[in-house]
Amino acid sequence: MTALPDSMTAIEISTPGGPEVLTAVSRPLPQPGMGELLIEVAAAGVNRPDMLQRQGFYAPPPGASDLPGLEIAGRVVGLGFGAHGFKIGDEVCALLAGGGYAQYATAPAVQCLPVPKGLSLVEAASLPETFFTVYTNLVDRGHFKFGDTVLIHGGTSGIGVAAIQMAHALGGKVYATAGSFDKAHACESLGALRGINYQLEDFVEQVKTLTHGHGADIILDMVGGDYVQRNINCAAVDGRIVNIAFLHGARVEIDLNLVMRKRLVLTGSTLRPRSVEEKGAIARELHKRIWPLIERGSIKPVVFKTFPLAQAAEAHRLMQSSTHIGKIVLTE
């Protein structure tokens, strides 16, 4: 086996700010702790929480790396004491609490998954953060069941692309919002029955019309703000509204009378601060229920563009533009 280097290139946040604060530096090679794998990173997904961390709004949880990067794919090159399920040389993708923008990273073995058969490492790197997030919110928080009508906001984001495909593959009737007719059509190509252009169409009226008055059984919302009351308005009786972000603001005023009359559940979650045990449980469910769908081609990674690690700032600029459809990935 090739000897490991003592140091690596990593992208750190020099100070809170714009994409230009992402700086290439030399860091000591991380060492795997108990139950962890050391992974030589081939690719790392770029996500909106990385942008929030760069701006100073989303600090890593205690004990996590200060480097951005919540998902990677690569080859196992080291095993911490008590790490099980993988061996040196295995190709894996992993959910991290931080540290993915680097040549090497550590991850709890229980948060790692084998690269699905037929996928490249770049494609695999686009999976963990979005698929862990979507699964736990759609299934655990949203109590998804076969035949549910699901409304997904931000349908062409990384989260949206995964959510449309997952809900469709599990037997849901999916609708999605997006910012143009081209993006709405992209949602339909991924499995949505109808993409709704929120710039020119009222998604509340569209959902009511398209579902013949039934409304949405589950709404996955990353917008918050003024969308919250509108979600309540178009939710079905016994509907579940799940917030996973709040781009339009976290503080809202709602009509509780309608919540009570419809018997709605308003819930949400964050992934990064959750325990290793909780994330490991999600990983096991993904491996059992979702990985076979990926390997059969029922769900396909959508990678919009890749950038070399050294061009992380350019990747962030593209994400800020919101012109992409799917995931942005950093490579070696």
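Which residues of helix H5 (residues 181–189) are buried? This is a predicted model, and that helix is a good place to start reading it.

## The two sides of H5

In H5, which spans residues 181–189, the buried set is made up of Lys183, Ala184, Ala186 and Cys187. These residues sit on the same side of H5, because the arc they cover around the axis is only 155°. Flip to the other side of H5 and you find Asp182 and Ser189, which are exposed.

So what covers the buried residues of H5? Among the elements doing that job are helix H4 (158–169), strand S9 (173–178) and strand S10 (194–197).

## Just past the helix

After H5 comes Gly191. Its phi is positive, near 130°.

## Positive phi without glycine

Two other spots deserve a look if you're checking backbone torsions. Start with Asp238, a residue other than glycine whose phi is nonetheless positive, near 65°. You'll find Asp238 in strand S12, which covers residues 235–243. Is Asp238 buried, exposed or partly exposed? With a relative accessibility of 38%, Asp238 counts as partly exposed, because that class lies between the 20% cut-off for buried and the 50% cut-off for exposed.

Then there's Arg263, with phi near 55°, again a positive value in a residue other than glycine. Where is Arg263? Look in the loop that links helix H8 (256–262) and strand S13 (265–268).

Note on methods. Residues numbered from 1 in each chain as written. Predicted model: local features only at pLDDT ≥ 70, side-chain atom pairs only at ≥ 80, totals over all residues. Heavy atoms only, no water. Buried < 20%, exposed > 50% of the residue type's maximum accessible area, 1.4 Å probe, protein only. Helix = DSSP H or I, 4+ residues; strand = E, 2+ residues; numbered from the N terminus. Arc of directions from axis to C-beta. Contact = heavy atoms within 4.5 Å.
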